[in-house]
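Let's take a quick tour of this one, a stop at a time. Have a look at the sequence and the model first, then read on.

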Amino acid sequence: MENILFLAFTEADGTLHKAALEVLGAVKELGGTLTVGLAGAQVQPAADTLANCGAVKFLAVAGPEFSQPRYATDAAAAEAICRAAGSAIVIVPSNSRSSRVMPGVAHRLGGQIDTHITCVAVDGTLNATRWYYRQRMEAVVERVKRPWILLLESGCHAAYDGAAGSATVEALAVPPSDAYQRTQVTGIRAPKSDQQTIRPDAKLLFVAGAGWTKKQGDGQIHGPEAEQLILGFLGKAGASLGGSKSLVDQSGEGEPILGFMTHLNQIGQTGATPRHPKGLATCCHGEEPHVVGWRFVNERRAVNLDPNCGWARGKADVLYVADAFEVMRKVNALLAEKAGSAKA
Ligand SMILES: Cc1cc2nc3c(=O)[nH]c(=O)nc-3n(C[C@H](O)[C@H](O)[C@H](O)COP(=O)(O)OP(=O)(O)OC[C@H]3O[C@@H](n4cnc5c(N)ncnc54)[C@H](O)[C@@H]3O)c2cc1C
């Protein structure tokens with residue numbers, strides 16, 4: 001196996017995110033001589049965590065100017081580490097910071113990069129697996145060009161959990177540049193955590209379909225109650241929220257109903273294909289272009305008034321033929337009861 005550089009940006013406190021440890025777990029299985037490269041405001045906590053990972057050396061670019069995810073500093077740090085390591089293969093945890101900067105680093109090094117890799121393996125030579133065409137086709141890629149940089153996705157491998165120790169880190173100097181100060185991160189604007197409905201790590205994907213906004217048995221639309229039931233469930237269960245195309249298109253048109261639903265929540269052929277152990281679809285018909293986005297959800301259940309809906313045709317493990325308003329009212333009451341008795 002060729003020499004490998006595992007390269008990661010550290011968190012603000014100098015540690016590594018779990019996703020980075022997952023990538024190291026995958027790297028360790030490849031064999032070959034391993035170098036660890038770290039960049040960030042501080043790196044020693046991360047290096048100590050990896051002290052016994054079998055790396056022959058630890059290279060780092062550290063300092064306050066490398067704390068912010070800024071292209072100029074991140075590219076300079078990553079380039080310096082790659083050059084010092086001289087490894088043929090560079091494997092990097094995929095996140096917004098590395099995805100922005102590593103293609104430029106590959107260009108500077110005269111190498112090649114592949115992103116959204118889900119698996120790396122050695123079969124004579126290194127190969128990498130990734131999905132194409134909205135996860136409909138899986139390809140195994142090999143390249144002759146070196147250095148070959150691979151951005152490995154999270155959630156695809158068990159995290160490295162070797163014993164911590166004390167690592168000796170070789171600090172690399174990056175020449176100062178005015179460009180490093182040109183961009184300043186002045187703050188982060190993000191939705192409040194209780195409004196953050198997309199939670200990739202959640203055990204359950206809760207999907208709302210257009211039925212929530214349709215006239216119900218009494219001839220009325222029950223938008224506010226639908227909103228309250230869905231948000232209530234998400235808050236209590238910590239579930240991630242998905243939507244059908246019909247529903248998210250409605251919200252996009254400025255309909256007052258389910259205003260928290262955006263196109264980012266859409267699951268399906270033209271939406272997302274999230275990975276959750278379980279999924280529950282409510283008021284959603286279960287048409288193929290929607291269900292295709294469920295292929296990585298292991299256990300699927302659906303609530304629909306229509307016993308002949310798409311889910312009934314082998315697309316769900318369990319279909320509850322029931323009124324989702326009634327079901328979710330009851331589920332929320334049970335969750336509230338459970339939370340109450342846990343507190344008492
Ligand atoms: C090229 C193409 C790409 C597409 N991509 C996507 C995609 O990425 N994602 C996607 O979702 N769709 C996609 N679609 C659209 C898809 O075919 C469906 O039109 C869409 O998924 C339907 O959404 P829905 O099931 O929420 O709505 P509807 O079809 O309107 O179904 C609503 C359901 O709610 C049920 N219901 C109503 N009230 C209740 C109640 N009280 N309790 C229980 N059930 C109730 C009804 O029985 C009905 O089954 C695509 C279509 C095309 C042509």
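## Before we start

A bit of vocabulary for helix pairs: a crossing is left-handed if the near helix is turned anticlockwise from the far one by less than a right angle, and right-handed if clockwise. Keep in mind, too, that what you're looking at is a predicted model.

## Two domains

The chain is split into domain 1, covering 4-182, and domain 2, covering 204-343. Their C-alpha centres sit 38 Å apart.

## H3 against H4

Start with helix H3 (residues 71-85) and helix H4 (residues 96-109), which pack with their axes 9 Å apart and at an angle of about 55°. Angles from 35 to 65 degrees are neither roughly parallel nor roughly perpendicular, so H3 and H4 count as oblique to each other. The crossing of H3 over H4 is right-handed.

Who does the touching? On the H3 side, it's Tyr 71, Asp 74, Ala 75, Ala 78, Glu 79 and Cys 82, while H4 brings residues including Arg 97, Arg 100, Val 101 and Met 102. Sorted by type, this contact has eight nonpolar residues, one polar and five charged.

## H6 against H9

Now for another pair: helix H6 (residues 223-237) and H9 have axes that come within 10 Å and cross at roughly 35°. Here the crossing is left-handed.

From H6, Glu 225, Leu 229, Gly 232, Phe 233, Lys 236 and Ala 237 take part, and among their partners in H9 are Phe 325, Met 328, Arg 329 and Leu 335. The tally for this contact is nine nonpolar, two polar and three charged.

## Around the ligand

Which residues come nearest to the ligand? Out of the 30 around it, the answer is Gly 209, Gly 211, Ser 244, Lys 245 and Gly 268. Four elements give two or more residues to this shell: helix H7 (245-252), helix H8 (288-291), strand E13 (299-304) and helix H9 (324-343). H7 has the largest share, with three residues.

As for the mix, the shell is made up of eleven nonpolar, 14 polar and five charged residues.

## Two backbone oddities

Look for the cis peptide bond between Arg 146 and Pro 147, where omega is about -5°. You'll find Pro 147 in the loop that runs between strand E7 (137-141) and strand E8 (148-152).

The other spot is His 116, a residue other than glycine with a positive phi, near 55°. His 116 belongs to strand E5 (residues 112-123).

Notes. Residues are numbered from 1 along each chain as its sequence is written. This is a predicted model: local features need pLDDT of at least 70, side-chain atom pairs count only at pLDDT 80 or more; totals for chains, interfaces and linings use all residues. Axes are lines fitted to C-alpha atoms, for helices over the stretch in contact, and angles run from 0 to 180 degrees between N-to-C directions. Angles under 35 degrees count as roughly parallel, over 145 as roughly antiparallel, 65 to 115 as roughly perpendicular and the rest as oblique. Two residues are in contact if their C-beta atoms, placed from the backbone, lie within 7 Å. Ala, Val, Leu, Ile, Met, Phe, Trp, Tyr, Cys and Pro count as nonpolar, Asp, Glu, Lys and Arg as charged, and the others, Gly among them, as polar. A residue is near a molecule or strand if its C-beta atom, placed from the backbone, lies within 6 Å of it. Domain bounds come from an automatic or database domain assignment.
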